[in-house]
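Here is a walk through a structure that is probably new to you. Have a look at it first, and then we'll take it helix by helix.

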Amino acid sequence: MDVAAATKLGAGIAVIALAGVGIGIGNIFSALVTSIARNPAARDQVFGLGILGFALTEAVALFALLIAFLILFT
Amino acid sequence: MGGTGIVAAASDGTGEPSIDALGQFVLHPMAGPTASWLTFTQANIIMVIGAGLVLWLLYYGAKPRAVVPGRLQAAAELSHDFIYRMAIDQIGPEGKAYFPFVFTLFFFVLMGNLLGLIPFSFTYTSHIAVTAALALMVIVIVTIVALREHGLKFFTYFFPDGAPVFLAPLIVPIEVISYLSRPVSLSIRLFANMVAGHVMFAVFASFVVMLGGASILGAVGAAFPLAINVVLMGFELLVAALQAYVFAILTCIYLHDAVHLH
């Protein structure tokens with residue numbers, strides 16, 4: 001296979017991990033919405049936790065994205 | 001890093017300009033013999049500016065000591081109280097002692113992320129050398145704090161209470177590995193966020209240039225990647241603050257583990 005084509009395929013394969021991250025972030029925000037709907041008074045505490053979970057999960061997406069960028073641009 | 005991209009122009013063979021998305025992270029030593037001897041680069045200049053901005057905010061913000069604060073004093077007090085409450089909430093009453101460390105760390109990372117969003121500026125947190133140094137400092141200080149607070153009892157941290165003893169060969173290596181992987185994840189999280197954000201800026205900006213140079217129709221189409229870049233700038237402002245917050249709160253959580261051992 002052509003090396004250029006292989007690197008592009010490799011970058012595409014590297015971002016398959018984003019599927020799991022999408023599920024994870026969806027889970028976090030669905031739980032956040034549910035908990036705020038059940039107990040609106042807890043909004044301030046729960047919102048911070050939700051954003052923290054979002055940032056930690058998003059980092060996994062960025063690891064995959066970084067690998068894809070490294071494959072593509074170096 | 002840097003140089004011309006290998007990938008972009010290779011397959012289609014039309015000689016189109018390649019996207020050099022990582023060239024923005026190359027360090028250039030400043031002019032002058034002392035600067036080049038110290039390898040004082042643009043990253044170091046932004047670091048000095050960021051540290052100076054924080055000092056300026058706190059010094060001139062705290063100076064009036066008004067009962068009803070002005071804008072600058074309110075900004076200084078809000079930032080102080082925000083980190084103070086975070087340290088106390090996460091670490092407990094002992095967090096007071098570690099608040100200056102967390103505060104310094106938060107503002108150094110925040111300034112790096114925010115100043116990097118100014119065009120023609122440089123994001124020093126986009127270098128693994130900077131974030132790894134910060135994360136290693138955090139983990140060394142956390143370990144020293146734990147050893148000082150608990151002495152050799154600290155090593156019971158790697159074997160939770162109530163676990164069956166015959167599981168020790170399994171649990172202890174897992175706990176040790178998870179402890180040692182903290183600086184890795186802490187540094188790569190910040191570094192990857194910043195690099196990914198700025199590479200996305202560069203990729204969409206290069207789409208604007210390529211489309212705009214193509215034809216009249218392309219110039220109209222170039223509005224879309226430009227609009228995406230504008231939205232991305234707002235998102236990156238959020239990410240800049242969020243990643244500084246995450247860095248600081250994870251430091252607090254590690255310090256909590258060090259002070260309380262679980």
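How far apart do the axes of H3(B) and H8(B) come, and at roughly what angle do they cross? They come within 8 Å and cross at roughly 35°. Axes here are lines fitted to C-alpha atoms, for helices over the stretch in contact, and angles run from 0 to 180 degrees between N-to-C directions. The helices themselves (H or I, at least four residues) are DSSP runs, numbered from the N terminus, as strands (E, at least two) would be.

Some ground rules before going on. This is a predicted model, where local features need pLDDT of at least 70 and side-chain atom pairs count only at pLDDT 80 or more, while totals for chains, interfaces and linings use all residues. Residues are numbered from 1 along each chain as its sequence is written, and chains are lettered from A and ligands numbered from 1 in the order in which they are written.

**Helix pairs in chain B**

Back to H3(B) and H8(B): their crossing is right-handed (the near helix is turned clockwise from the far one by less than a right angle; anticlockwise would be left-handed). On the H3(B) side you'll find Ile83(B), Met86(B), Ala87(B), Gln90(B) and Ile91(B), and they meet residues of H8(B) including Ala248(B), Cys252(B) and His256(B). Being in contact means that the C-beta atoms of two residues, placed from the backbone, lie within 7 Å. Sorted by class, this contact has 10 nonpolar, 2 polar and no charged residues. For the classes, Ala, Val, Leu, Ile, Met, Phe, Trp, Tyr, Cys and Pro count as nonpolar, Asp, Glu, Lys and Arg as charged, and the others, Gly among them, as polar.

H3(B), residues 71–91, also packs against H4(B), residues 95–115, at an angle of about 130° with the axes 9 Å apart. That makes the pair oblique (under 35 degrees is roughly parallel, over 145 roughly antiparallel, 65 to 115 roughly perpendicular, and the rest oblique). H3(B) passes H4(B) in a right-handed crossing. Among the residues making this contact are Tyr84(B) and Ile88(B) of H3(B), and Phe99(B), Phe103(B) and Phe106(B) of H4(B).

H6(B) and H8(B) pack at an angle of about 175°, their axes 10 Å apart, and that makes H6(B) roughly antiparallel to H8(B). Leu186(B), Phe201(B) and Phe204(B) are among the H6(B) residues here, and they face an H8(B) group including Leu232(B), Val239(B) and Phe247(B).

Here are the three pairs side by side:

| Pair | Angle | Axis distance |
|---|---|---|
| H3(B) and H8(B) | roughly 35° | within 8 Å |
| H3(B) and H4(B) | about 130° | 9 Å |
| H6(B) and H8(B) | about 175° | 10 Å |

H8(B) is also home to Ala244(B). With 22 C-beta neighbours inside 10 Å, Ala244(B) counts as buried (20 or more other C-beta atoms, placed from the backbone, within 10 Å of its own; exposed is 12 or fewer, and partly exposed is in between). Leu114(B) is 130 residues from Ala244(B) in sequence, yet their C-alpha atoms are 9.8 Å apart in space. Leaving out residues up to four places away in sequence, Ala244(B) touches Phe106(B), Val109(B), Leu110(B) and Asn113(B).

**H5(B) and what surrounds it**

Now for H5(B), residues 128–150. Its 23 residues should span 33 Å at 1.5 Å a residue, and its end C-alpha atoms are 32 Å apart, which agrees. The expected span is 1.5 Å times one less than the number of residues. Val130(B), Leu134(B), Val138(B) and Val142(B) are among its buried residues, and their cover includes H4, H6 and H8 of chain B. Right after H5(B) comes Gly151(B), with a positive phi near 65°.

**Two loop residues**

Most residues other than glycine have a negative phi. Thr39(B) has a positive one, near 45°, and sits in the loop between H1 and H2 of chain B. Thr39(B) is exposed, with 12 other C-beta atoms within 10 Å. Arg65(B), not a glycine either, has a positive phi of about 55°. Its loop runs between H2 and H3 of chain B, and with 7 C-beta neighbours inside 10 Å it counts as exposed.

**Where the chains meet**

Finally, 17 residues of chain A are in contact with 18 residues of chain B. H3(A) gives the most to chain A's side, with 12 residues. By class, that side has 14 nonpolar, 2 polar and 1 charged residues.
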